Structures are given as C-alpha cells and as structure tokens.
Amino acid sequence: MTATLPDDLVGAFQIEGEPVRGRVARLGPAIHEILTGHAYPEPVANLLGEACALAALVGSSLKFEGRLILQAQGSGPVRYVVADYDTSGGLRGYCRYEADEVAKACEGFVRPGARSLLGEGVFIMTVDQGADMDRYQGVTAIEGETLALCAEQYFAQSEQTPTRVRLAVGQADEGEGPQWRAGGVLIQLIAEDAARGSTEEAWNRTQILFETIGEDELIDPMLASNTLLWRLFHEDGVRVFGPKPLRAFCRCSQQHIETVLKSFPAAERAEMVEDDGQIHVTCEYCSRVYAVEPQALETVG
C-alpha cells in the first residue's frame, strides 16, 4: 500500500515574479475528529468542513498570537456555523441546525450550498488579539451560494483586497473506512505601486489558472500541496514557505465550565442538578460531557 502524504497543514506561497500570494490547507485526521464529534447530516458536515478549512487559510496569516473566529448565521435550516482557529494551530468548529429543515432543503440538491442552508444572514470574521486588546470584526451579508464566495465578498468589501477562494470537503477510504477530509486554496492580489505598475494582467492570468483546480485535487490524500501548486503555477514558478501544523483542539475545561456555572444564580444552578446529584454540561464543540459537583460551585464566605 502506498503511504499517504502528510495532512493537517496550512502554508503560504508566492508566485514568482507576480504580485500574487496565497495559502493552501489540507485537513485529514483533524477535520475527521471535528466532524465526527456530532452526528451531522452530510450537507451540514460539508458546510462545517469548509468553514474550518477557510478559518485555517485566513487565520494562518495572523502575525501575532491570537484567534480568528469565522461565523455565518442566518434564518435557514442551519442557524449558524462557527470555526475557531488559534495561531498555535488549534482548530474547532460547530454547527447548530434543525434536522427536519435541513432534510427539506436538500430535496432536489446533490449538495445544498451555504446560502441554501443558512438563508438570509451575515458572514462574520473576528480577530481576537488577546484579553488586553480590542477585537476586530468585519461583517458582510451572505450573498454567495458558497462559503468561498462569502469570503471573497468579505475581502472585497472589508479589506478591499481582490481574493479568490476554493474549498472542498469529502470522504476517502484508505483502508480504515471513510474518513473526512477538507482542503482549500486562497490567493490574493498584492496592491500595485509605482515600482510594480499595473497588476491587472497578472491577476487575470492567475485567476484563469486558479479556476482549473478540482475539488478532488484539494482532498486527494495522495496529492501533496506542493505538487498541486506546481501543477497550477509551474510556468511562473511558485515559492512555498514552511507549513504550519493544524490539530483539532477544544478550549473547554473543567475549570472553565465551573466558572461559567458560577455566573448563574444559586436557584438556577439547583434546577440543573440531575438525578445523580451532579450538573452535567456538554461542550457544543467537542461533545465532551463534564460532571460538576454543586458543592464545587459554592462561594466560600
């Protein structure tokens, strides 16, 4: 059996001699862990997988320690999807949805896109630089049928940066049963200046090449990211920078859960106690269940 290539990586690249830079991500075990933490219907899992790949692509460009939170919410069958990337490579995500409405929205579709699932709503990116810094948040309307189009619209409106995005999610069986995979590529035009001159021709040519990317290429376990980039841009040459590792990681903890519970009035906490005498809390992201003794929440006078 041929060995598969490294997964769970995101890296930057630059097209040689051209004012175009980009990032490429491939997700294997990390996205499989995230998507199988809940019994998502396939269209919902696809949407969340795309959100996680997109969060990794955008978040990996941060030049400081922090987080990139990508969220889309609307009035559709999927109430919201959120993906959270931190600069250590941790990635998590979650969807809230109505199963009956999702099933109805899927009628007649091979795979309904973001607009069909989310309906009218907003696409949000939040940059969190830490407790002592203000958050930066950009919001645009959900206007494209895919999350990739939502992201392109976001960068055009909020950042005034010409951007193209391609995302893919699917399953592959390499001998251990079907495993979720996700991948994505993002390219951006570097602003022209007096030394560089017009960048329109280079950007148009790069976009033509970018359009040839197949979804199967983005999630192929046997196709390395470097090989894919070389296929696309070998005529100009492409410089690939060191990739960053990605991993499924949830920030929930016993201490955090207890802190949240302590914010509730004692009477409300008393109503949360179950038959075994404990309060049980399930993390939305990773589905881990925490058991908390009510006595642990009492404030010592």
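**Chain layout, surface charge and salt bridges**

Q: In which part of the chain is Pro-6 placed?
A: Residue numbers count from 1 along each chain as its sequence is written, and since the model is predicted, local features need pLDDT of at least 70 and side-chain atom pairs count only at pLDDT 80 or more, while totals for chains, interfaces and linings use all residues. Side-chain values are based on heavy atoms, with hydrogens and water left out. Strands such as E1 are DSSP runs of E with at least two residues, helices are runs of H or I with at least four, and both are numbered from the N terminus. On this scheme, the place of Pro-6 is in the segment before E1.

Q: Is Pro-6 buried or exposed?
A: Accessible areas come from the Shrake-Rupley method with a 1.4 Å probe, where for residues only the protein chains shown count as cover. The class then follows from relative accessible area, with buried meaning under 20%, exposed over 50% and partly exposed in between. Pro-6 has a relative accessible area of 56%, so it counts as exposed.

Q: How far apart in space are the C-alpha atoms of Pro-6 and Gly-28?
A: Pro-6 belongs to the segment before E1, and Gly-28 is 22 residues away from it along the chain. Taken between their C-alpha atoms, the separation of Pro-6 and Gly-28 is 8.7 Å.

Q: What radius of gyration does the chain have?
A: The chain contains 10 helices and 14 strands. The radius of gyration is taken over C-alpha atoms, and the globule rule is 2.2 Å times the number of residues to the power 0.38. For 301 residues that rule gives 19 Å, and the chain is close to this, so it is as compact as a globular protein of that length, with a radius of gyration of 21 Å. 

Q: What share of the chain is made up of buried residues?
A: The C-alpha trace spans about 70 × 45 × 40 Å along its principal axes. Within the 301 residues of the chain, the buried share is 48%.

Q: Which residue lies 4.9 Å from Gly-90, C-alpha to C-alpha?
A: Gly-90 has its place in strand E5 (residues 90–97), and its relative accessibility of 2% is why it counts as buried. The residue in question is 159 positions away from Gly-90 in sequence, and it is Phe-249.

Q: What is the approximate phi of Asp-8?
A: Asp-8 sits in the segment before strand E1 (9–15), and it counts as buried because its relative accessibility is 11%. Although Asp-8 is not a glycine, its phi is positive, at about 55°.

Q: Which residues form the negative surface patch?
A: A patch is made of residues with over 30% relative accessible area and no salt bridge, like charges being joined within 9 Å and nonpolar side chains (Val, Leu, Ile, Met, Phe, Trp, Tyr) within 5 Å. Lys and Arg count as positive and Asp and Glu as negative, without His or the chain ends, and a charge is placed at NZ of Lys, CZ of Arg, CG of Asp or CD of Glu. One member lies in the loop between helix H10 (266–272) and strand E13 (279–282), and its relative accessible area of 42% makes it partly exposed. The patch consists of Glu-274, Asp-275, Asp-276 and Glu-293.

Q: How many residues apart in sequence are the parts tied together by Glu-284 and Arg-96?
A: A salt bridge is a side-chain nitrogen of Lys or Arg within 4 Å of a carboxyl oxygen of Asp or Glu, and by this rule the count comes to 18. In the bridge between Glu-284 and Arg-96, the closest N and O atoms are 2.3 Å apart. Glu-284 lies in the loop between E13 and E14 and Arg-96 in strand E5, so the sequence separation of the parts tied together is 188 residues.

Q: Which residue is the salt-bridge partner of Asp-236?
A: The closest N and O atoms of this pair are 4.0 Å apart. Asp-236 lies in the loop between helix H8 (225–233) and strand E10 (238–240) and its partner in helix H6 (residues 200–210), so the pair ties together parts that are 31 residues apart in sequence. Asp-236 is partly exposed because its relative accessible area is 29%. With 31% relative accessibility, and therefore also partly exposed, the partner is Arg-205.

Key. Buried means under 20% relative accessible area, exposed over 50%, partly exposed in between (1.4 Å probe, protein chains only).
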